[in-house]
Every structure is written in structure tokens, then in C-alpha cells.
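Please work through the following exercises with the sequence and the structure at hand, and try each task before you read its solution.

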Amino acid sequence: MNDRLRHILGVALEMPEQQIHDKLTAEETSNWDSIRHLNLVMELEEQFNVRFSSDEMIRLNSYQAIADALAARGIA
Amino acid sequence: MLESVQGRAQPGQLPRLRWALLSNTTQDPLRPLLTQLSLEIGFAADVWIGGYDTALQDAAAPQCADAEVVVVALRLQILAPALVDRFLTLSAEEVRAESQRALDYVSAVAAGVRQRSSALILVHNFETPLHPALGVIDYGDVAGQVNTIRRLNLDLAEHLGGDQSVFIVDLDGIRSRLTTPRFEDPRTWHIARVAYTRQAMRAIAGEYLRVVRAAKGRSRKCLVVDADGTLWGGIVGDDGADGVRVGRTFPGSAFYEFQQALLALRDRGVLLALCSKNDRAAVDAVFATRAADMPLRLEHFAAVRVNWVDKAQNIREIAVALNLGVDSLVFVDDNPHEIALVKELLPAVHTILLPDDPVEYRDVVASCDLFDALTFSDEDRRRSEMYAAEQRRRVEEASALSVDDYLRGLEMEAAIDRVDDRAVARVAQLTQKTNQFNLTTRRYTDSDIRRFAASADHDVFAIRVHDRLGDSGIVGVAIVRHESAVSAIDTFLMSCRVLGRGVEDALLTACLLTARRRQRRAVIGEFVPTAKNARVADFYRTRGFAADGPDRFRRSLDDGPLEFPSHFKSVVIDGQQVAP
């Protein structure tokens, strides 16, 4: 899952995959703006066939938060 | 739905396509989708997105003036929120004013764009609410919310219709064609003023691309169809022209409808071509002998290749004959091998493999969005106006029309024929299937019908009806047995879909006529009650027959004229016109 998630983040945030690491947060990443964030969330929903609540959509603002939300849905 | 990427060119080598999106909602998520779809038809997209709710100002921006395609996507919820959220608090006057304001704003944005550029302008119209203000009664109220928004959409089309390079993007249409259930996304709407789900945005972008494809001359112009298994069910080489499945009733009706869909494309100006692995004579025989069962004629095809050469070769020749590139062709076949071969040898041809179930064929062709043209000739337009006027007349006259006027207006023509080989199967099938309008419910096989038809003292009649709206095919059967002094009606049945139009009376009169011509004194009718045929218990009694025993009726032929219902435009028996 890590590779797949890294890939999705890289594409959605328009960043090289090597720069995607598990401590990545929106606050500290200039490319992680609100529009790319929206694209990222929609891409995650489509790729993993999940649906986030509006609250979650806002809170998925770090690699860890995304990994946790997916894990909570049984996607390890 | 879309063509594959033309070649393997990098975006840098492709021609650029500049887009400008003017909106009062957030359009950014559309950018990657539009880029992807543009790439699929061979363009490197350059998407400029105007400010949030600054469409009128953006229309004057240089990026907008430079664009080849300008999208005006204004949401009613922002433009005139009361029409959407608090419709019932508005007076009629306020509804009018709000509608006018929305219309004026959209028109002003479009006009502002046009003032500075000759771009294609794609204008979103307004979604009607899924749950309208007045609930279930809203739709029937011309001043209700749904009809108000529909009228607004109509006004918008009328306002913008004068500009040949303005196109309406119909959101209701896209919403109803969407295969996923969600169109709006309330989460992204609240968080970021992004109105639609990603699937919906993809469909909306796809709709834009239809216009672009046509404008860039990349629409397809010719549909090449296979014959066996495509135009009709079965294989003409094995089943014979009589045996292939096509006609007004199931299972042939699926193919009949598919042919109608092909003709509808032809009406729009799409060329049809036929490409079949067959003996030419066999295919010709189907068109010659099954003409009554098929809307398509050989003449409808602009090119025909029926032979045993491979289809890629034939399709190449069709393209040459029609003076088209193979990239203007769409090829439809039910055989995956033929599709694979054409895909392999002629990748520029768009191929469609028909689904397993023929009833799905029609939608596959109807939903193909590769044939769009941006103009419709004046002549075509006049024709559609005439149709529209005729439609209006019909609506206006409907209430004043008597049943008799209605029937007369149908211009019905009945052909009553003694069955021949081609009709045997349908006649036997009707005796086996018909339950309600069936006086005796005697079930007969093909060979029974053949035996009656060959017998000197039987007449087997099949009645076929044609009217202004089309051909109904064989809809009724009568089998008359001529005894020494009288004629007896052994079987009399009618397909339910023509009831109430006097077809049964025409067929009965034909039975009486044949008895009189054979100098019989009377006709005997029987009614054999079943669980399902009660509606015809009084059939003979109400048509001049007198009771002659239980469920047996008799009509004397001594005197009096035998008349056909007067509303028929013509009645023909065995090729002889007998009425009017």
C-alpha cells in the first residue's frame, strides 16, 4: 500500500515520488494547496473505492492521517 | 467512448488547445480531466480558469480572448439562489425578475466573450431540482419550480441560438446519462464550492469534447455494420432469408429497433455502409423478401461490401469509395474476432463490439457520441420545424378530435392475404400466443397452417396493417372452413396492439365476403370460452350474428351489403382493392 499511496500522492500533489515520505504534512508542503488537496482526496476515493465524510476530507492533511483513515477501512 | 491517443506523441508535439473556464463555482478539479480528455483526441490542453464568480470581468481578460474554447459554467444556486432554495417565497413577479436576471447575466458573459473572440462558447444551462419545491405536484404546475427552470433553459437556448458557435451544455441530460448515481457532491460543495462529483465532471468534460471533436473535424462520418447477428438474428446462409430473426415482435423486434436507430443516424447525415461475409445473393434476398419486417433498405447504404474477403480490406475499400479517411469510420459487429481483426489492421477505425443481448444493441448505437456535427442544414431545419408545427397542431386538436376523426387521420391501410410460406410461421405463432382476442383459442403448428392453406375448402387469412405511424405487420388471423351449405370460422384472433381500430371488423368482413363468393348461405361463428378471452364473448352478437346454440352464432348472407369500416384508407384482399 505504501508504494501505491506514495504514487497517488505524488501525482495529485504534482511532486516527485521520492519527496513523498510518511512524515509529509500539508502545512509544511508548498505544493499541498487546497485545490491539489481536493484532487488528492477524490483520487484516493476513486482508487481505493472508499468515501470520506466532509470532516475527514478536511482532516486528511498529512500522509499519516491518510494512512490511518485507509487503515480504519481495512486498507492496510 | 473516446478514441485512443492518436499515435504515441508526447503532449509537447501535439497541437495546443487553449481553454478558458468562466464560472461562479470552483472549476479547478476539471483541469486534469480536461487535459486528459483533450490528450485522447490529440490535443495538448492549456486550461485557464477565471476567478471565483467574476465571469463577466473574466470575459474581458486576454486569456479568455486567446482561448479557442470558452466554457461559461454559471450555477443558478449562486446566480439566483432564491429560485433554487426558497422558490415558494417568491411572487410570480419575483420569479420572472430573478429568471430574467439570471438569463441576462449568462447572456452578457457570452456576449462579452464573443465581442473579443471567435471561440467556441459552451454555455451550461441550469439543472432542474431532483426534489422540487412543490413536491410531486411541481411538475404539473407551469409556474412550478421545475417548469420555471425548464423555461429559463428554453429562453437561454433561444437567446444564444443565433450564434452558430455557441453550444448549450445540458446538465439534466448529462445527469440522466450518468451511470453512477451521484451527480452533485455536497461535501466538496460545502468545503470548496466544487458542485459535482468527479464522475459527473468527467462526463461534463466529455460533453465539451464532443463539440471540440466536431469543430476540429474529428467526428466520425460513416457507420459500417455487419449483417448476420447485427442487422438480424441468425445466419442467412444457414437459416435462409425467411428464417432470420427480424420484425415487429420479439425476438426480431430488437433488430428492428436497432435498424431504426441506424436510420435515425442516417437522418442526421451519418452515412451507413454494409460489410458482411456472405454471398451477395443471400443478403439481397433478406432485403427483398423481408422488407415488411425491416425499416432498412439496401438503398439506405452508401456503400455495400458483401463477399468473403476479410473485413479490414472491405472497410478500406468502403473508405475509398466514400472518399473518407478510415479515421472517419465506426465499425459495428457482433463477432469479437472481426472486431479484433479490424482493431489490429485498422487502428484508426473506431470499433464497437455489440453486447450479447440484441435488445441492448439500439442503445449502443444511440449512445455513440462520435458522430456530432455542429450544423444542421437549413433544409433539415425546415423539416424539423414542420414536424414541430405538426406536433403542436396535434396537441391543440387532440381534445376536439372524435374517435372517428382520429381513426380517419391514421390513414390505415389493411392488406388481407391468404397465407403464403413467408407468413406461415407468424400465423402459427399468433395462434399459439394469442389469448385475449381469440374466439376459439385453437393452437396450430406451422404444418397445421400449411395443411389448411393447401386445402381446397379452407381459407387462412392474415391481416397486415399499415398506417401513418408505421407498419404493424401481421396482426390478425382468420381460418374459415367452407362446408356444404355454410362457412364456419374455425379461428379468429387479433393481436392486442391493434384493438380499437376496426381491424377485427375488416377481417370479419373479409371472411363474410369469401363465404358469399363461394355461394354459402350463412357464416357460423363460434366462441370457446377460456380464462382469458371473456372480452370477445359478445363479438359475433354485436356484429349482426344471431345466437344459434350455446356459444354458436350465425349470420345469414342472403342480402345486404358487406361493408368495411369507413375509416380505412384502403382495404386490399389478395392484391385486389375492395374498399373504399
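The exercises below concern a predicted model, and they go from domains to a sheet and its helix.

**Exercise 1.** Find the domains of chain B, and describe how domain 2 of chain B and domain 3 of chain B touch.

*Solution.* Begin with the domain assignment, which divides chain B into domain 1 (11-215), domain 2 (222-366) and domain 3 (411-579). Next, take the C-alpha centres of domain 2 and domain 3 of chain B, which lie 38 Å apart. Then look at the contact itself, to which domain 2 of chain B gives 6 residues and domain 3 of chain B gives 5 residues. Finally, sort the residues on the domain 2 side of chain B, where you will find 1 nonpolar, 2 polar and 3 charged.

**Exercise 2.** In which order do the 5 strands of the open sheet in chain B stand, and why is one side of β8 and of β10 left without a neighbour?

*Solution.* Read across the sheet, and the order is β8-β7-β6-β9-β10 of chain B, with parallel pairing. Because β8 (301-307) and β10 (350-353) of chain B stand at the edges and each has a single partner strand, one side of each has no neighbour in the sheet. Neighbouring strands of this sheet are turned against each other by 20 degrees on average, with direction ignored.

**Exercise 3.** Follow strand β9 of chain B to its partner β6 and to the helix that touches it.

*Solution.* Start with the parallel pairing of β6 (residues 222-225) and β9 (residues 329-333) of chain B, which extends over 4 bridges. Within this pairing, B:Leu223 has B:Val330 in β9(B) as its bridge partner. Then turn to helix α15 (residues 336-345) of chain B, which packs on the sheet and touches β9 and β10 of chain B. The direction of helix α15 of chain B makes about 165 degrees with that of β10(B).

Technical notes: Residues are numbered from 1 along each chain as its sequence is written. Chains are lettered from A and ligands numbered from 1 in the order in which they are written. This is a predicted model: local features need pLDDT of at least 70, side-chain atom pairs count only at pLDDT 80 or more; totals for chains, interfaces and linings use all residues. Domain bounds come from an automatic or database domain assignment. Two residues are in contact if their C-beta atoms, placed from the backbone, lie within 7 Å. Ala, Val, Leu, Ile, Met, Phe, Trp, Tyr, Cys and Pro count as nonpolar, Asp, Glu, Lys and Arg as charged, and the others, Gly among them, as polar. Two strands pair if DSSP finds at least two bridges between them. Helices (H or I, at least four residues) and strands (E, at least two) are DSSP runs, numbered from the N terminus. Axes are lines fitted to C-alpha atoms, for helices over the stretch in contact, and angles run from 0 to 180 degrees between N-to-C directions.
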